[in-house]
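The following note sets out several points on the model for a colleague's consideration. Please read them alongside the sequence and coordinates.

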Amino acid sequence: MKERILIVDDEEDLTLGYSKCLSKVGYEVKTANSGEDALDLLREEIFDLVFLDLRLPNMDGMEVLEKAMDNDPDLVVVMITAHGTVESAVKAMRMGAHHYLMKGFDHEALRVIAKKALEVTKLKREVSHLKLRDQRRYPDTAIFGNAPNMKKVKDLIKVIASTPKTSVLIQGQSGTGKELVAIAVHNWSARGDKAMIPINCSAIPEALMESELFGFEKGAFTDAKKMKKGVFELAHGGTIFLDEISSMSMALQPKLLRVIETQSFRRIGGIADIKIDVRIMAASNQNLLQCIKDGTFREDLYYRLKVMEIDIPPLKERIEDIIPMAKLFIKQNNKEFSKNINNISQEAEQLLKYYSWPGNVRELKNVIERASILCLSDTIDVEHLAIELQNLTPKETFAATTTSQEVIEQSDGPVSLQEIEKRHIIKTLEQFNGNKSKAARVLSISRSTLREKLKQYGIA
């Protein structure tokens, strides 16, 4: 796709000359002879670069610049005029102009300026794309949970987000949402309008990891035909998230440690340090202390990363969040699959709540996606759930205490899961003389969940 340039000047012969000059080198060029026409075009079409004359009839270039930047703050604008002054140049730059040119420049200079300005546009688009991708994949509702242990996590996220650039180590089982937590820290911080770039250390070959992080200079190695910026440079002002940090090679770990300590790095083949301002967050589902003992992870890097530490509880320890989260996923799936599912049967709910969820939130999301696809009515039932859940026995479902099997054996015949649960709760309360705190602890649910169940089953 050709890069698109808009030229705004009231002198038609000049706009024609500029247009021919830039078209010859492959750009798609449009022109406008007034500020009003230019703003109309900017509202209707997407341009990669704008050359804007300072002096225009009715609406001058400064006014056009201001309105254009209000419409698109990332728009790259180069001011051109025969009436330039230092004051107007400074004012234009403060308002967001990328560059400022005096008329009289030759066509080669115009092409050079256009090329450099378009490189800025490309970089802005890349960063915006990364931010937009993260916002789409991880909306605000992604950090979901009202269980006490998840409330503590969210409270800690807000505390950490208020710090300027404190390093964070996020730990938890696979599928618990470590990257979601990292994005929440970023989005809730003062860096939220800057780039958040995630890197999976286990997914990038060791030979490429250094150039991915730090970039390289032209000629640094055989295939380095031109300079490339690494993610640390691209994320300047924002956040880097290093997932599966335990997979990072021992050779690269001291270089990461230096970046954390000095907030500077050097491109491969470079001779000068580049100062940056980034928050570094890392995550691992491995025991990093054990990795240190095994000689695969540096102790000094471990302690430098875990200035603040967030431990995410597994889903089986936050039972009260399972059904609300399942309904959230159903709502998302309704949009994606054009469904109208608005309910989960009580039997399906029981299986969802008491399954062990080794894959945590990721597994729950996949189970609900499958169920949403299979469900042809407005209610997800047992038959729509994964086979692992359908095969749960009552004993497995209520393995929280040794008395659950006794409840089943005392039944006169086949009973529903709800009836088994009701009897199980009553028996547990009787064991502890009505002490709800002790009963909730043995049942592995919170007091608030127990109160809801007592109300649901009419247990006094």
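1. In this predicted model, H186 is buried, since its relative accessible area of 1% lies under the 20% cut-off. The residue belongs to helix α7, so its surroundings are best described together with that helix.

2. A polar atom of the H186 side chain is placed 3.0 Å from the backbone oxygen of K194. K194 is also among the residues in contact with H186 once neighbours within four places in sequence are set aside. The remaining members of that set are R191, G192, A195, M196, G238, T239 and M281.

3. Helix α7 comprises residues 178-187. The helix lies across five strands, namely β6, β7, β10 (239-243), β13 (279-284) and β14. Relative to β13, its direction is at about 165°. Two contacts of H186, T239 and M281, fall within the ranges given for β10 and β13 respectively.

4. The strands crossed by α7 are those of an open sheet of 5 strands, ordered β7-β10-β13-β6-β14, with parallel pairing. β7 (196-200) and β14 (308-311) occupy the edges; each has a single partner strand, and therefore one side of each lacks a neighbour in the sheet. From one strand to the next, the twist averages 20°.

5. At the β14 edge, the partner is β6 (residues 168-171), and 4 bridges connect the two strands in the parallel sense. Within this pairing, L169 has E309 of β14 as its bridge partner.

6. A separate matter is strand β3, which covers residues 49-53. How many of its residues are buried? The count is 5 of the 5, so the strand is largely enclosed by the rest of the structure. Burial extends to both faces: L49, F51 and D53 are on one side, with V50 and L52 on the other. The presence of D53 in this buried set may merit the reader's attention.

7. β3 pairs with β1 (residues 4-8) through 4 bridges, the two strands running parallel. In this arrangement, I7 is opposite F51 of β3. β3 is also paired with β4 (residues 77-81), again in the parallel sense and over 4 bridges. Here V50 has V77 of β4 as its bridge partner.

8. The connection from β3 to β4 involves helix α3 (residues 61-71), and the three elements make a right-handed β-α-β unit.

Key: Residues numbered from 1 in each chain as written. Predicted model: local features only at pLDDT ≥ 70, side-chain atom pairs only at ≥ 80, totals over all residues. Heavy atoms only, no water. Pairing = 2+ DSSP bridges. Axes fitted to C-alpha atoms, helices over the stretch in contact; angles between N-to-C directions. Contact = heavy atoms within 4.5 Å. Buried < 20%, exposed > 50% of the residue type's maximum accessible area, 1.4 Å probe, protein only. Right-handed = clockwise from strand over helix to strand, strands pointing away. Polar contact = N/O pair within 3.5 Å; in protein donor to acceptor, adjacent residues only side chain to side chain.
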